[in-house]
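Hi,

Here is the model I said I'd pass on to you. Have a look at it first, and then read my notes below.

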Amino acid sequence: MSDSDSGLTIPKEFPFPFEPYDIQKSFMSKLYACLSTGKIGIFESPTGTGKSLSLICGALKWLRDLQEQQKKELESLLDNGSSKGNKNDNTTAEVDWISEFVQKKEKEEKLEKIKQEQEQIKKNEDRVKSFRKKKIRGGKRKRSKLDDDFDDLMTTASSDIKKAFEAEMNEIENGDFSSDFENKDDELLLLDCESDEENKECRSEDENGGEEHITKIYYCSRTHSQLSQFVREVIKSPYGDDTRVVSLGSRQNLCVNDAVRRLRSLNLMNDMCLDMQKNKKSVRDKDGESAAKRKNKGGGCPYYKREAIEDFKDNMLMDILDMEEIVKTGKQMKACPYYGTRFSIPAAELVVLPYNTLLHKGTREACGIKLEGNVVIVDEAHNLLETINNIHTVEVTGAQILRAHSQLTQYENSILSNLIKFFGGKTEMSGDKQFIGKPETKLWSVNNFLFQSKLDNINLFEVLNYCQKSQVSRKLHGFAEKYQQTEVDIKPEKEKAHSGVSNFLKEITQKNENQNVNSDVNTTKFSEDGTVLRSPMMLIESFLAALTNANKDGRIVVSKQALLSQSSLKFLMMNPAVHFTDIVKDARSVIVAGGTMQPLDEFKDQLFHASGVTPEQIVEYSCGHVIPSDHLLAMSLATGPSGVEFDFTYQTRENSKLLNELGLLLSNICQAVPGGVVCFFPSYDYQRIVYSHWEKSGTLLRIGHKKRVFQEPKKASEVDHVLAEYSSCIQRSRALSVGSLTGAILFCVVGGKMSEGINFSDELGRCVVMVGMPYPNIKSPELQEKMEYLNANFKVAEDGRKPGQVHYENLCMKAVNQSIGRAIRHRGDYASIILLDKRYGKPNVASKLPSWISKDLQKMEKYSSAVAVISKFFASKK
């Protein structure tokens, strides 16, 4: 982390779209101080307290003050420099000339840096102003021409012509200048970058245009919808009119070329995009081909044009656009939004980007993101540790290794052969025909795996460097794509006569003679998510790259199944700090924020302290909720209406008495609570068990008399429909007040599609019920290895518990905290939170709840006491 104490004084007031709450004022002041001193900040602000606006106004106020300070410093340094030449100093001989030289050099460097940044800011402002004038003049010229044409033709024009003119004028008024870019000459096409070195040059020259990066804020969050919501908050803020904001995304989100968009796999989209850029000069007018023929051959992307992208970049910096508006503007301007947004990074003051783009170093560098001297804000950071580990976890299956081997014969006796033999398999047979024994799962250290697989004598860094320079994965994919109807047929061992490529070419010949070609590998043509796997070499390369991590930082999970094709190798990242250290070291300041950041100790130890951050460099801020204290009822309940103890541990959770008791409690809650009730179960499996039992026992019918029952769908595409039906039912029940139905109840799963990002505000979530404690599977080899790693590398907790056990508990409580935070969403909201399990009464469990919940948590041993409190709470709100 750079030493960047800017010496700025914390302002007494911050620009805000309305009178901020006291906790928002405190949040912004603490944030400003943290950025000013260049420290690490951990900020916790419950959902509904205006966290996003506080981040925006606090951070952008600091950036504006820093820019103003830099202007003053530049003027001061320039003044001092000019006056120094006229000053007669008789004490020069007494001054240490070495010290004077060093001070002078530092002063000159600082002056030059500030001067460059201010010049770049001025240049960007002038460019945007010029583009705005150009856009207005262009629109006026086009409108004037159309008006003249319209006047000439109006008297004799048909109704169809009149409509066409009117449509064209409407497009101009709406800012559509696409026709200006339709007929650009081919010489405007950007050249393709082939090798790794050429890629770097291309990024430097084309994407960033040689521009100096100004000081900026990088804001990242988990999903594109969260990023779009943040951008809309920026627009509504006092900084919405004069802040240069850029939103980054993947090709899946930003590509506007239909030929690329229709591909289901991001890897395939990336490949096709790069292929369409390749050898454009050789494609141009080759053999007199028509433009239509070249287009059909995929000769180039019509949106990848230098001048159009430059204009798109200026448009991006002129107006704040969310993701949908960026794509729409790209289509109108016939310019690529994916590259246009990356071109805009140097001049931007606020760059909005998804987690993966920031946390993966290769992606970060490919996008031209420079963290030096800039601020990083990671929002929704409660699962940051797990996110970093997941991004750098790589899994390959036996089928993918076999496919890559058959396509890449130069590795036949080395890496891929060794990986196949490690499973006990053979390279000459289809993976679907090789039975390799009983299923088993083992964990290996990186060094042991390399030794056992006989890869320890191979320099993987050289192999990866060769793969990158030769672009072998892209070329293999292109080869497989060309013959996509014919997969590699791996012959039985007795027919072993040809190499993989020979068999491939032989099958191509056979296909020409006879279309009825047999393929033993077709069963692995698609992955579980439907992604085409014709060439899995990119995944193999990622796995090999993972093996270059330090031995202590990773583990290999070897999962052997009965069939080789179903077996897999999985690299697990144990130490997230490895991939966060560069961010902490390079950035001026790093802020991690979330609605609930508890428990903090594990976060600080595994991410920041392990990255070299001292405790003195960390600033912590946690605020309460904006709601009045009487708007939240939080309780843990140990027993049900019949006195049955709520013990939802794995050994007892399927007990019929316990399931009946839970059903009776929910029936009573539905009687007392108006509107919507959201009930979270620890897993889909347990939700299914409970639901099935209640169907047979009649409990669902009893609940249904008061609340219509909904279940969280397993398909993500059905979530919106279920939520709409749930909301509509509650609104109808409240409006009509007909019959006994008072609302609806929604059964959800912790960690599922509705435990994060869904707002159950007001009537949608008057009560949130948490059934049991969602501990992960303790028997999981991956979890056990993680716990052992923590026990070996981190100190024991103050209460004597091992770090692995603390981590196990934290995984559970972080999931609980995300789920129960779905209810209270704004100052006027109110809700009850009921935690059903006797373990919630333990101090070490309750202490890991968000502070705004734990401080008022009522621990109820008996149901009779609880029901009275619940009834009184909702009666007071009527």
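How much area does the chain expose, and what share of it do carbon and sulfur atoms supply? The exposed area comes to about 41700 Å², and 48% of that is supplied by carbon and sulfur atoms. Keep in mind that this is a predicted model.

Some overall numbers: the chain has 878 residues, and 51% of them count as buried. It contains 35 helices and 18 strands. Taking the contacts with a separation of 6 or more, 80% are between residues 24 or more positions apart.

The part I spent my time on is an open sheet of seven strands, with parallel pairing. The order is β14-β15-β13-β16-β17-β12-β18. At the edges sit β14 (707–711) and β18 (858–860), each paired on one side only. On average, neighbouring strands in this sheet are turned by 20 degrees against each other, direction ignored.

If you want to zoom in on one edge, go to β12 (residues 632–637), which pairs with β18 in the parallel sense over three bridges. There you'll find Ser-636 opposite Lys-859 of β18.

Two helices to look at alongside the sheet: α32 (residues 803–820) packs on it and touches β13, β16 and β17. The direction of α32 makes about 160 degrees with that of β16. Then there is α27 (residues 656–672), which lies across β12, β13 (675–681), β14, β15 (743–749), β16 (767–771) and β17 (831–836). Helix α27 runs at about 175 degrees to β16.

Cheers

Note on methods. Residues numbered from 1 in each chain as written. Predicted model: local features only at pLDDT ≥ 70, side-chain atom pairs only at ≥ 80, totals over all residues. Heavy atoms only, no water. Helix = DSSP H or I, 4+ residues; strand = E, 2+ residues; numbered from the N terminus. Buried < 20%, exposed > 50% of the residue type's maximum accessible area, 1.4 Å probe, protein only. Contact = heavy atoms within 4.5 Å. Areas by Shrake-Rupley, 256 points an atom, 1.4 Å probe, with all protein chains shown as cover. Pairing = 2+ DSSP bridges. Axes fitted to C-alpha atoms, helices over the stretch in contact; angles between N-to-C directions.
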